[in-house]
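Subject: Structure handover

Hello,

Here is the structure for you to look through. My notes follow below it.

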Amino acid sequence: DSVMTTVKPMAMIIKAVAPQAVEVNYLVRDGHSGHHYHMRPSDRKLLQESNYFFWLGAEFEPIMQKAAAGSNAVNLTSSFATQPTLTKGGSHLWMNPITALALATAAADTLSHDYPQYKDEIAQRLASFKQQIAQLDADLKKGLADSTTRNFVALHDAYGNLSEQYGLHQLAAFYGENEQVIGAASRAALKQQLDGSGEICVFTQPQFKLKPVQTLLGEHQLKVLKLDPLATAQPMEAGYVGFFKDVSRQLQSCF
Amino acid sequence: MTRLLEARQLGFRANEQQILSDVELSINRSEITTIIGPNGAGKSTLLRLLLNLSQPTSGSVWRKPGLVVGYMPQKLQINPHLPITVERFLKLAGASRQAIGAALERTGASKVMQSPLQNISGGELQRVLLARALLRQPQLLVLDEPVQGVDVTGQIELYQLIKTLRDELDCGVIMVSHDLHLVMAATDTVICLNQHICCHGHPESVSSHPAYLELFGRKHSEDLALYTHHHDHCHDSHGDIIDDDHSECNHD
Amino acid sequence: MTRLLEARQLGFRANEQQILSDVELSINRSEITTIIGPNGAGKSTLLRLLLNLSQPTSGSVWRKPGLVVGYMPQKLQINPHLPITVERFLKLAGASRQAIGAALERTGASKVMQSPLQNISGGELQRVLLARALLRQPQLLVLDEPVQGVDVTGQIELYQLIKTLRDELDCGVIMVSHDLHLVMAATDTVICLNQHICCHGHPESVSSHPAYLELFGRKHSEDLALYTHHHDHCHDSHGDIIDDDHSECNHD
Amino acid sequence: MIELLLTATTAALLLTAISGPLGSFVIWKRIAYFGDTLAHSALLGVAFGIWFNINIQLAVVAYCLLSATLLTRLNRSKRIALDTLLGILSHGSLAIGLVLLSLSDNIFIDINGLLFGDLLAVDTTDLYIISAISALVGGLLCYYWRQLLSVTVHPELACVEGINVPRMELLLMLCLALIVAIGMQVVGVLLITALLIIPAATARKFAETPEQMAIYAIGFGAIAVLLGMTLSATADSAAGPSIVTAATLLFLLTQALPNRQ
Amino acid sequence: MIELLLTATTAALLLTAISGPLGSFVIWKRIAYFGDTLAHSALLGVAFGIWFNINIQLAVVAYCLLSATLLTRLNRSKRIALDTLLGILSHGSLAIGLVLLSLSDNIFIDINGLLFGDLLAVDTTDLYIISAISALVGGLLCYYWRQLLSVTVHPELACVEGINVPRMELLLMLCLALIVAIGMQVVGVLLITALLIIPAATARKFAETPEQMAIYAIGFGAIAVLLGMTLSATADSAAGPSIVTAATLLFLLTQALPNRQ
Ligand SMILES: Nc1ncnc2c1ncn2[C@@H]1O[C@H](COP(=O)(O)OP(=O)(O)OP(=O)(O)O)[C@@H](O)[C@H]1O
Ligand SMILES: Nc1ncnc2c1ncn2[C@@H]1O[C@H](COP(=O)(O)OP(=O)(O)OP(=O)(O)O)[C@@H](O)[C@H]1O
Ligand SMILES: [Mg+2]
Ligand SMILES: [Mg+2]
Ligand SMILES: [Zn+2]
């Protein structure tokens, strides 16, 4: 038995609550961007053989709409997508442990319907995941508590959900959700706003060049965080907890 | 005598230049009209106006409703990227294979029936274009320098053919030509054009008209006189003038 | 007598057809060579081979090193998207404004000097092309049907001009023409081509050659006889033969 | 594996049957970039769709048809080559679309989806749409074939012979726009424009008449689809790009063949 | 604000100075899609760069120059129109690049970066590169102007007049490839190809000689750059697309003007 999802962190979340006997696969393979997905025959085969395809809905993962056309698709966000904060520059929902837990809960619900024989196992794993998440959240909050500055500049507009949770403040994102670049006026405003401040925290990702930031804020000292939102460098065994620990370690090096 | 086409006060301006002004003419069934005039006189422009391929800047053109026209442009630029044989090109005019064979036979280009249209020689192209024009069984044939680039043998044959066609199809013909000597004898009306109509009428009368003489010069009028004279009678192979016998020397 | 160009055993095949075979010829300085032949005989193809614009499939062409050639193609397709006036087009040949004015004057096209190249009429284009060819001060002039589409007045003038140029520049000339009557008198060698060289030599001797007669037919040979005869002497305006006086009638 | 690829292969073959003849016109008229232009300008269609709150798919199809009409109009003056007009329309609408989108918040457009599509995700509904459009366009092409061809060979001769030249040109452009607009959303613009031009260009070498070219183009297209699908199934590569790769290799291969002498 | 835009504006103006004349050639030769083709095929360059472990930027430039050479070669046979060849090269390399990339692991490519670039991210190093390339290409264009023009007007006449036609065509293609390859990485391919064609097409209406067209194209390009930068500064839109938008509007505006009678 197997279930399918879109990206690796999502697979980690589902793996955390799915019964041991159920295999969890994901579509976007390591090293490829989640925004440029093309389906391959092996994906199609896996997708067809899976009992479920867990995804985040057209709003957050529009590129997955075709993959989600099958009858086995389950939109994990349908229970809580009404929360307005989630839609604001935060398509990477898994970048916030609280949301991750909500996703896990939704997945667990569905799974226990289909696998009544594993119902207990699922409930048990969910409870343990809940605990781990609470721990993660508390640790990160504590780690960031004494940080005086909470401003950061992002290259990719995907951290709205994360900043909301931890009181961080995104000054600007150089590439929008659609990867379009920002205009001259915003840059001028950003430059003015940062006038006089020393170290600036920059969230970057492997596929984006740092150059626009360097050109604009060349005179400032840039502290570059190579966040890894797709868990490319993490082994699957590390699980969501391992992945997010890495993210929070990175965050704490900046704030 | 059916009127096929009539131009009224036609004028054309382009690029701040008056190219044609005040042209009045009418084309009737079974009449051959020839337009002569120096290069740049506006002959091709006039044909394009008559065919509605350009819009006049003044005046108007009346065409008989439902008029079937066969047109042969002065230059045809063929898209080199479209593979098309002469036969297929002619079929586009809506003719049968047999009719195509016959038309090419008549214009003396049956050799190139299967050749790609892009590769045939200049003179062959002219013959093919004429074949296309006549395949449409036109009521009006519009020919812009029909024998340009055609070899000597062909020139005489083609003019002969145009006359025969006129008789067969009972169609009107309007053509542009520089071959005064070959054309004069085969035409009913000559229009002498140089931005406006300088003079028009029967070939004989036009060639002595002062406007004509001014345009082509007395020197060439003499040459022409030689040509028309050449068609008034026959020469034997030594160039001596022999008796005027139409059936023998093929001129009329 | 300098040899400018020599073709040895030239052959050309395309599309499974032999278009030319076994052509041998040589062009010398200050000689005018005229190629005649029916449509599709391979005349233009031969010129292109001589100019290295196509590669022969057999045989070879020798060109005098550093030969300056003026070429006038049979058809010129001008890119309609390039804005260029006649003057600028001629300047591309590397000539001064003055020289351009003079050249256009000579070919009788000074009227269109400032016109866009795409808009000029067929005959005007021929004149412009000839002007370009001669602006290069060529050692060899290669002309493919130079007076095609040119008006009567112009035809005689242009052939006259070609002769004058030959004398002035002391260049070799090779041209294709169908105007046997106008060309014969102005040429040193005639090559009669129909996929191979049927016959060649002085105009007078060629026109009585059996191969020539076969190609153009006895009927047209008679016509031609009339033309050559026309150039052996002059006619008065009534067509009567008057005394042979070269200075008066401009033929030689 | 076979039944998995069946829908996708059928869709691609259906498209091929119609893109062969249409693609031949594209090559003859030198508008190889027609598809790309529509794809680029589709972005502006999306922007309009969002702006006026219309169904985006419909907005894209409508905008494509509109662009085609506009193009036909602009082209009538003949002062500017069609390919230049295409280039301007393409970059212009792309840029305007980007500017509009960067002015509004939170609009996600799947440019990559439009570009590369997802052939393997084609379902039976898509198949019906493709069949319907193919039948419509194919029927129009057959019915007007002689007139369309006349206009392409020589518009002035066609005009003199009584063919309504502007209407035929518009018809052709609209057919193209329709097939690109549909294809773009189903299989991606890369595949649809490549299917338009590459098989037809391959056929050019062997064809002696326009009809031969159209038919050979269908044949080469079908071969490319089958080869590409096999490649995709064996090497586990994306289906659309694999088909285009197969078509390209086929083209290069036939170019290396000697010309008939 | 001003000093923020200074580098970007200077870079764009420098590119304009060279894209005006080059773009005129692009329009005359009907290769409006040259830039897009190189941009698409750049992906294959990236794939090769990754495969053979070369610096990706260099690989892209090298591959662009290679494509241009290949194109010039293929075009010599004249059986297939240049725009069709461009289309095939473009879609073919894009597809092959995608297949290769989807077969290899761990690759992040910034396709959008290549396509849309970021003019505002231009720094002084880029400015030096652009200046150097502009000077080089500008010098070559000036030096060979007459010959390049002869070849464009009529290759056969040029050949008879002793100009090395293949070499001139190659030179032109390489200049184009160079400017596109550099422009693509610095300001994005949308901006560079739009700067090539749109100002030159605008100039077409007013020019009577090729030189006029080249110079007017520079002028229109410069106006578009200044307008676009102003738009970006006031409406906060991305700089590249704003410039292209300005150029497009300028084109549409001049098309609406009456023709000189
Ligand atoms: N669209 C146009 N714009 C500007 N000038 C034009 C245009 N069309 C024609 N002309 C000019 O009008 C004049 C007449 O051209 P046209 O082609 O009608 O001459 P023609 O009498 O057919 O000459 P030919 O005997 O050489 O074929 C030419 O001088 C040409 O330059
Ligand atoms: N590239 C080619 N491929 C196939 N056939 C060709 C090619 N070029 C020329 N031909 C054929 O070769 C023959 C000779 O053509 P060419 O243009 O040399 O004739 P020409 O003597 O100049 O005729 P014209 O007097 O009509 O100009 C024609 O029948 C033509 O169809
Ligand atoms: Mg004319
Ligand atoms: Mg010829
Ligand atoms: Zn993202």
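An oxygen atom of ligand 1 sits 2.5 Å from a polar backbone atom of C:Gly123. Please keep in mind that this is a predicted model.

**Ligand 1**

Two further polar contacts to ligand 1 are worth a look. In one, an N or O atom in the side chain of B:Gln74 is 3.0 Å from an oxygen atom of the ligand. In the other, the partner is a backbone N or O atom of C:Gly122, at 3.4 Å from a ligand oxygen. The protein buries 87% of the 640 Å² that ligand 1 exposes when taken alone.

Which residues come closest to ligand 1? They are B:Lys43, B:Ser44, B:Thr45, C:Ser121 and C:Gly123, out of 19 that surround the ligand. The surrounding residues come from chains B and C, so the site is shared between chains. Two helices each supply at least two residues of this shell: α1 (43-50) of chain B and α4 (122-135) of chain C. By class, the shell around ligand 1 holds 12 polar, four nonpolar and three charged residues.

**Ligand 2**

Ligand 2 lies between chains B and C. It is surrounded by 19 residues, and the closest are B:Ser121, B:Gly123, C:Lys43, C:Ser44 and C:Thr45.

Three polar contacts to oxygen atoms of ligand 2 can be listed:

- C:Thr45 places a polar side-chain atom 2.5 Å from a ligand 2 oxygen.
- C:Gly40 has a backbone N or O atom 2.9 Å from an oxygen of ligand 2.
- B:Gly122 has a backbone N or O atom 3.4 Å from an oxygen of ligand 2.

On its own, ligand 2 has 640 Å² of accessible area, and the protein covers 87% of that. The elements giving two or more residues to its shell are α4 (122-135) of chain B and α1 (43-50) of chain C. The shell around ligand 2 divides into 12 polar, four nonpolar and three charged residues.

**Chains E and D**

Now the contact between chains E and D. Here 51 residues of chain E are in contact with 52 residues of chain D. The size of an interface is often given as the accessible area lost when the parts come together. Chain E and chain D bury about 4400 Å² between them. Carbon and sulfur atoms account for 70% of that area.

How many salt bridges link chain E and chain D? The count is two. E:Arg30 forms a salt bridge with D:Asp83, and the closest N and O atoms are 3.8 Å apart. There are also 14 residue pairs in polar contact between chain E and chain D, with both residues at pLDDT 80 or more.

Which helices build the chain E side? At least two residues each come from α2 (34-51), α4 (82-103), α5 (111-116), α9 (189-204) and α11 (239-256) of chain E. The largest share comes from α4(E), with 17 residues. By class, the side of chain E that touches chain D has 28 nonpolar, 16 polar and seven charged residues.

**Where to look**

For the ligands, open the site shared by chains B and C around ligand 1. Then go to ligand 2, between chains B and C. For the E and D contact, begin at α4(E), which gives the largest share of the chain E side. Then view the salt bridge between E:Arg30 and D:Asp83.

Best wishes

Methods
Residues are numbered from 1 along each chain as its sequence is written. Chains are lettered from A and ligands numbered from 1 in the order in which they are written. Side-chain values use heavy atoms; hydrogens and water are left out. A residue is near a molecule or strand if one of its heavy atoms lies within 4 Å of it. A polar contact is a pair of N or O atoms within 3.5 Å; within protein, one must be able to donate a hydrogen and the other to accept it, and residues adjacent in sequence count only if both atoms are side-chain atoms. Accessible areas come from the Shrake-Rupley method with a 1.4 Å probe; for residues, only the protein chains shown count as cover. Helices (H or I, at least four residues) and strands (E, at least two) are DSSP runs, numbered from the N terminus. Ala, Val, Leu, Ile, Met, Phe, Trp, Tyr, Cys and Pro count as nonpolar, Asp, Glu, Lys and Arg as charged, and the others, Gly among them, as polar. Contact means heavy atoms within 4.5 Å. Buried area is the accessible area (1.4 Å probe) that two parts lose on being put together, summed over both. A salt bridge is a side-chain nitrogen of Lys or Arg within 4 Å of a carboxyl oxygen of Asp or Glu.
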